[in-house]
Amino acid sequence: MFSKAISVLITGVNRGLGLEMVRQMVEIQKPPPRLLFACCRDPDGATHLQALKKEHPDIIKIIHLDAADPTSIKQAAAQVGSILGTSGLNLIINNAAVAVHQSLFDSTPEDMHRSFNTNTIGPMLVIQEFIPFLRAAAKDCGSPGLSCCKAAVINISTFCSSNELTKESYKEFAVMPYRVSKAALNMLSVCASLELQKHEILCAMLHPGWVRTDMGGKDGELSADESVEGMLHVMSSMTEQHCGTLQDWRGQTVPW
Ligand SMILES: NC(=O)c1ccc[n+]([C@@H]2O[C@H](COP(=O)([O-])OP(=O)(O)OC[C@H]3O[C@@H](n4cnc5c(N)ncnc54)[C@H](OP(=O)(O)O)[C@@H]3O)[C@@H](O)[C@H]2O)c1
């Protein structure tokens, strides 16, 4: 796990993999994060998250953030900045996403807009708005190399974004707008990894596996617990060699 108490921000944490990331980070990880900014679009309705916050009030800060709303992302950055003060933010996990279940002939421009707003444009705006805090963390660190303990952005992608794997998986997962928006997220991540490297910030992607959540459905191959345990392990061992890469929860490379 992470070698020091880091500050982390995760989007979409009121349910599914995001909620499990928060749980494992505060309840299992040693040391736990110094600060965990738990972002969701309906904090009052996030009952499981509120319960975790009650147990760990000094670590968990619940922040309103709608990944499809640029104003909300800006406001979230201002709120996080006021809590951080002069200290930096080590790790951002862009996890929030929507999976629009439509094939080519069912898909509307609205389906594509919704998918891109949340899955692609949201992560881009999060990087843009929160970069000053990542840069502060990289500067504070003082040691060479890149890692998630220093300063990093991890974008949660999917095997559905892979051109190579689409032939064999499209029949089962005909989620065209989702696939296109996540393939665009991959390119965004590669471009970001090249631009962020000069600021000593790592940017990479992770595929969580096919997981039993609202999005993955009940037939998924993994529990959220197993997936998140794997992803946290992979994140904790990332270095500069992983900039712009897409690995799965076991650390295996997903083909483009
Ligand atoms: N489950 C899988 O099998 C699987 C496979 C590959 C990749 N993934 C990826 O893993 C990540 C998490 O997926 P999951 O399985 O946990 O999905 P999930 O159970 O459907 O949860 C999605 C989360 O994203 C949030 N969200 C959606 N739109 C948002 C917005 N505009 N602003 C803020 N939050 C928003 C949801 O909040 P609300 O409750 O407010 O909607 C929810 O917390 C996603 O990036 C997904 O693409 C999942």
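**Figure 1. M124, I127, Q128, I131, L188, C191, A192, E195, L196, K198 and H199 line the second largest pocket.** The structure shown is a predicted model, in which local features need pLDDT of at least 70 and side-chain atom pairs count only at pLDDT 80 or more, whereas totals for chains, interfaces and linings use all residues. Residues are numbered from 1 along each chain as its sequence is written, and side-chain values use heavy atoms, with hydrogens and water left out. A pocket is an open set of points on a 1 Å grid over the protein atoms alone where a 1.4 Å probe fits, with protein on both sides within 12 Å along at least five of seven lines; lining residues have an atom within 4 Å of a point. The elements that contribute two or more residues to the wall of this second largest pocket are helix 4 and helix 6 (helices being DSSP H or I runs of at least four residues, and strands E runs of at least two, numbered from the N terminus). Helix 6 accounts for the largest share of the lining, five residues. The space in this pocket amounts to about 180 Å³ (the volume filled by probe spheres set on the grid points). Its lining comprises seven nonpolar, two polar and two charged residues (Asp, Glu, Lys and Arg are charged; Ala, Val, Leu, Ile, Met, Phe, Trp, Tyr, Cys and Pro nonpolar; others, with Gly, polar).

**Figure 2. The largest pocket is the space taken by the ligand.** A molecule sits in a pocket if more than half of its atoms lie within 2 Å of the grid points. The volume of the largest pocket is about 950 Å³. Of the 44 residues that line the largest pocket, A97, V98, A99, T213 and M215 lie nearest its centre. At least two lining residues come from each of helix 1, strand 2 (35-40), helix 4 and helix 6. Helix 1 gives the most to this lining, namely three residues. The lining of the largest pocket divides by class into 20 nonpolar, 15 polar and nine charged residues.

**Figure 3. The ligand is surrounded by 29 residues, the closest being N14, R15, R41, Y178 and T213.** Membership of this shell requires a heavy atom within 4 Å of the ligand. In the shell, 13 residues are nonpolar, 11 are polar and five are charged. Helix 1 (16-27) and helix 6 (176-197) each supply at least two residues of the shell.

**Figure 4. L17, R41 and Y178 each place a polar atom within 3.5 Å of a ligand oxygen.** A polar backbone atom of L17 is 2.8 Å from an oxygen atom of the ligand. For R41, a polar side-chain atom lies 2.7 Å from a ligand oxygen. An N or O atom in the side chain of Y178 is 2.5 Å from an oxygen atom of the ligand. On its own the ligand has 890 Å² of accessible area, of which the protein covers 94% (Shrake-Rupley method, 1.4 Å probe).

**Figure 5. T11, A67, N94, N95, A96, T118, G122 and P123 line the largest cavity.** A cavity is a set of grid points where the probe fits but cannot get out. By this rule, the count is one cavity of 30 Å³ or more. The space in the largest cavity is about 30 Å³. Helix 4 (residues 109-141) gives the most to its lining, with three residues. Three nonpolar and five polar residues form the lining, and no charged residue is part of it.

**Figure 6. Two loops hold the backbone features at P31 and E200.** K30 and P31 are joined by a cis peptide bond, with omega about -5°. P31 belongs to the loop between helix 1 and strand 2. E200, although not a glycine, has a positive phi of about 65°. The loop that contains E200 runs between helix 6 and strand 6 (202-207).

How values were computed
A polar contact is a pair of N or O atoms within 3.5 Å; within protein, one must be able to donate a hydrogen and the other to accept it, and residues adjacent in sequence count only if both atoms are side-chain atoms.
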